[in-house]
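Dear colleague,

Please find below the structure I said I would pass on, with the sequence alongside. My notes on what was found in it follow.

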Amino acid sequence: MGAIRLEKVKKTFGTLDVIPGVDLDINDGEFVVFVGPSGCGKSTLLRLIAGLEDVTDGKILINGTDVANEAPAKRGLSMVFQSYALYPHMTVYNNIAFGLKMAGESKDVIDEKVQSAAKILNLTDYLERRPGALSGGQRQRVAIGRAIVRNPAAFLFDEPLSNLDAALRVNMRLEITGLHQELKTTMIYVTHDQVEAMTMADKIVVLQAGRVEQVGKPMDLYSNPANKFVAGFIGSPKMNFLGGDIAAKHDCHEIGVRPEHLAVSTESGEIAATVKIAEHLGAETYLHVEADGLGPMTVRATGEVDLGENDRIFLTPEQDRIHRFDQHGLTLSGA
Ligand code: ADP
Ligand code: MG
């Protein structure tokens with residue numbers, strides 16, 4: 001069981017107020033992703049939960065018990081780091097077994113747990129190798145194996161895929177999602193990558209400057225961002241923000257339109273624009289345009305679109321996909 005609750009959790013480093021006060025509920029079995037730009041406090045929040053940092057104030061409840069003053073080992077959580085932190089001179093088997101040996105488990109129990117974790121992670125054939133003879137993805141799986149055998153109340157991942165190349169990252173993303181489906185254990189996963197957040201999370205927590213901007217299911221954040229920050233952070237390419245006349249027409253300070261919610265025509269439409277760069281990705285085309293009187297915009301068009309530098313086009317936003325913001329950047333209801 002791994003239900004985790006943060007109550008007014010606060011962290012300062014000297015005079016630096018890194019986490020001003022976070023309240024959050026994580027349900028047992030949930031896959032929660034903390035996402036936000038570099039330096040926003042994701043790792044600090046995770047390390048507070050793990051007990052690797054002391055809270056300045058507030059409560060951290062694991063299954064109803066406040067553990068804010070407990071040592072990390074007493075919290076029953078397993079952390080997986082970006083750097084893997086494997087012992088290079090030990091075999092994969094011994095790396096996975098190490099924590100259990102230190103805890104004085106019997107040989108039989110250790111063997112059963114290591115073999116079972118190896119099976120889940122496709123490491124059975126690699127147990128006698130040393131980390132140096134493994135790929136980056138396999139090393140990351142060993143680090144996860146070491147966490148699995150401890151049978152934690154929750155897994156804590158801090159940007160575990162950052163050291164892998166793009167193709168491997170996509171693979172490992174699927175593996176970790178599959179692992180969660182199999183183990184059904186609570187997972188808290190930290191990343192600056194909104195694509196990882198969108199694809200992996202049951203629940204996303206968007207952070208900025210140590211504050212929770214919004215909590216919700218991936219598609220809820222995409223469709224109904226609470227403010228301009230979340231609207232701009234979730235989704236790729238980023239949402240276009242437009243002021244001036246078009247915002248006035250919609251009775252607000254600024255509107256937001258995602259690149260995929262703009263219809264492209266060479267004949268007529270609401271916004272006239274000139275194509276600056278067309279990025280042909282095969283399946284789709286990103287048009288980077290200069291809109292008359294509005295400035296740069298990005299449009300997500302079909303793969304076959306035959307447009308290039310200096311072509312004149314017209315864009316029309318899907319009316320029910322327009323986001324409206326007030327002068328504070330908060331979302332206004334209705335279009
Ligand atoms: P993220 O993981 O989102 O990139 P961090 O949690 O690592 O962000 O850092 C949040 C802020 O706290 C940053 O401004 C960072 O410089 C600061 N910080 C983190 N750890 C310490 C520390 N031990 N001492 C002082 N400042 C720290
Ligand atoms: Mg970090």
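I would start at P237, which lies in the loop between α8 (228–233) and β11 (240–242), where helices (H or I, at least four residues) and strands (E, at least two) are DSSP runs numbered from the N terminus. The peptide bond leading into this proline from S236 is cis, with omega near -5°.

Before going further, please bear in mind that this is a predicted model, in which local features need pLDDT of at least 70 and side-chain atom pairs count only at pLDDT 80 or more, while totals for chains, interfaces and linings use all residues. Residues are numbered from 1 along each chain as its sequence is written, chains are lettered from A and ligands numbered from 1 in the order in which they are written, and side-chain values use heavy atoms, with hydrogens and water left out.

As to the overall picture, the protein has nine helices and 19 strands, and its C-alpha trace spans about 75 × 45 × 35 Å along the principal axes. Of its 335 residues, 48% count as buried, a term that stands for under 20% relative accessible area, with exposed meaning over 50% and partly exposed in between (1.4 Å probe, protein chains only). Taking contact to mean heavy atoms within 4.5 Å, 62% of the contacts between residues at least 6 apart in sequence join residues at least 24 apart.

Two helix pairs deserve a look. The axes, which are lines fitted to C-alpha atoms, for helices over the stretch in contact, with angles from 0 to 180 degrees between N-to-C directions, come within 10 Å for α2 (residues 92–102) and α3 (residues 107–120) and cross at roughly 135°. That makes α2 oblique to α3, because angles under 35 degrees count as roughly parallel, over 145 as roughly antiparallel, 65 to 115 as roughly perpendicular and the rest as oblique. On the α2 side the contact is made by Y93, I96, A97, L100 and K101, and on the α3 side by I110, D111, K113, V114 and Q115.

For α4 (residues 136–148) and α5 (residues 166–183), the axes come within 11 Å and cross at roughly 20°, so α4 is roughly parallel to α5. Here G136, G137, Q140, R141, I144 and I148 of α4 meet L168, M172, E175, I176, L179 and L183 of α5.

Helix α1 (residues 42–50) is mostly covered, with seven of its nine residues buried, namely K42, T44, L45, L46, L48, I49 and A50. Just after α1, G51 takes a positive phi of about 95°.

Positive phi values also occur in residues other than glycine. A209, in the loop between β9 (203–208) and β10 (211–216), has phi near 50° and is exposed, with a relative accessible area of 52%. N310, in the loop between β16 (295–302) and β17 (312–317), has a positive phi of about 75°.

Turning to the cysteines, C40 counts as buried at 4% relative accessibility, as does C252 at 14%. With a disulfide taken as a pair of cysteine sulfur atoms within 2.5 Å, the count comes to zero.

Finally, H328 sits in the loop between β18 (323–325) and β19 (331–332) and counts as exposed at 63% relative accessibility. H328 and N227 are 101 residues apart in sequence, and their C-alpha atoms are 8.6 Å apart in space.

With best wishes
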